[in-house]
Amino acid sequence: AVSHAAGTARAVSGNLLQQPQHSLDHLAGFSHVWIVFVFHKNGSNAPKAKGYSSQIKTEKKVGVFASRSPHRPNNIGMSLVKLDRIDNGVLYFSGVDIIDGTPILDIKPYIPDYDHPSTTPTNPTWASNSHSHSPSLSVEFSARSLAQLSELKYAGQPPSVSRDRPRRSRDRMRFMRSEEELRQCISDIITADPRSVYRKQQGDVVFSFPVDVVDVKVQVRGQAVTVLEVSFSDFVENLVSEAAIS
């Protein structure tokens, strides 16, 4: 499953094309586009020839070229997203599975005649059955997390003025436009089961992950996941700051 997260990308600058304003002509007619990007947060660790695939939920180690692992020899990835609109040279996407600040290398339209196989695609058994053999996770929001969701300020809402402390960029969601959208995004991420093989082997566990500018803390008990807290944190703020600088 792909989350309902939204994202933006700005068109190329003039040092790449002589007339960059023409680079987006007629792109708005396509419903979906391919985004080619760089896994810029992989760190300096050298990629391994074999490992666990991040998207294919299996405990089987496979070769890096048989996986969707972000740790690759060239650190290049691609994602199919829905193109919502283009406004003043900015592309607005939904169904985005890349983090904020990711460098975009290229944007290509999705064309079914070229991108859809002419024959029925087939996968090995371990890949085809990996999702069907994994019980889906159920998601429940605690009363505390629901209260926190209702108190957040979302993108597009008018800013509130406080005399007690200065406004910070992290006090407002950057991409999520409503409580419902954020809640759906959190549910989508959890039901897709983002846990690593090691974490799943640990059994019941409490862990957190960032969404937009908030930190989501969850507790796993068997196949049931409870969202405990949704709050701002220094860790997420540092991620947002680093993305803005880069």
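These are my notes on the fold, cores and salt bridges of a predicted model.

**Overall**

I began with the secondary structure and counted 6 helices and 11 strands in the protein. I then looked up burial: of the 246 residues, 32% count as buried. For the surface I noted an exposed area of about 15,600 Å², with carbon and sulfur atoms supplying 51% of it. I also checked how contacts spread along the sequence. Among those between residues at least 6 apart, 64% join residues at least 24 apart.

**Cores**

I asked which residues touch the most other members of the largest nonpolar core. They are Leu182 and Ile186, in a set of 23 residues. H4, strand E9 (205-211), strand E10 (214-221) and E11 each give this core at least two residues.

I followed Leu182 further, setting aside its neighbours within four places in sequence. Its contacts are then Leu149, Leu152, Tyr154, Met173, Met176 and Val211. Apart from the largest core I found another one, of 10 residues, which includes Leu24, Val33, Phe37 and Val81.

**Strands E9 and E10**

Val211 led me to E9, where I looked at which way the side chains point. They alternate: Val205, Phe207, Phe209 and Val211 are on one face and buried, whereas Val206, Ser208 and Pro210 point to the other face and are not buried.

I looked up the pairing next. E9 runs antiparallel to E10, with 7 bridges between them. For Val206 I noted Gln219 in E10 as the bridge partner. The two strands form a hairpin with 2 residues between them. In the turn, Asp212 has a positive phi of about 55°.

**Salt bridges**

How many salt bridges does a search of the whole structure find? I got 4, and I took notes on some of them.

Lys82 and Asp84 meet through their side chains, at 3.2 Å from N to O. I checked the accessibility of both partners. Lys82 has a relative accessible area of 39%, so I list it as partly exposed. Asp84 is at 35%, and therefore also counts as partly exposed.

Arg144 forms a salt bridge with Glu229, with 3.3 Å between the closest N and O atoms. This pair links distant parts of the chain: Arg144 belongs to helix H3 (residues 143-151) and Glu229 to strand E11 (residues 224-231), 85 residues apart. Glu229 has a relative accessible area of 24%, which makes it partly exposed.

Glu181 bridges to Arg177, and here I read 2.8 Å between the closest N and O atoms. Is Glu181 buried or exposed? Glu181 is buried, because its relative accessible area of 13% falls under the 20% cut-off. Arg177, at 49%, counts as partly exposed because exposed means over 50%.

**Ala192**

My last entry is on a loop residue. Where does Ala192 lie? I placed it in the loop between helix H4 (179-191) and helix H5 (197-201). Ala192 is at 23% relative accessibility, and so counts as partly exposed. I also took its distance to Leu137: the two are 55 residues apart in sequence, and their C-alpha atoms are 8.0 Å apart in space.

Terms used: Residues are numbered from 1 along each chain as its sequence is written. This is a predicted model: local features need pLDDT of at least 70, side-chain atom pairs count only at pLDDT 80 or more; totals for chains, interfaces and linings use all residues. Side-chain values use heavy atoms; hydrogens and water are left out. Buried means under 20% relative accessible area, exposed over 50%, partly exposed in between (1.4 Å probe, protein chains only). Helices (H or I, at least four residues) and strands (E, at least two) are DSSP runs, numbered from the N terminus. Contact means heavy atoms within 4.5 Å. Accessible areas come from the Shrake-Rupley method with a 1.4 Å probe; for residues, only the protein chains shown count as cover. A nonpolar core is a set of buried Ala, Val, Leu, Ile, Met, Phe, Trp, Tyr and Cys residues joined through side-chain atoms within 4.5 Å. Two strands pair if DSSP finds at least two bridges between them.
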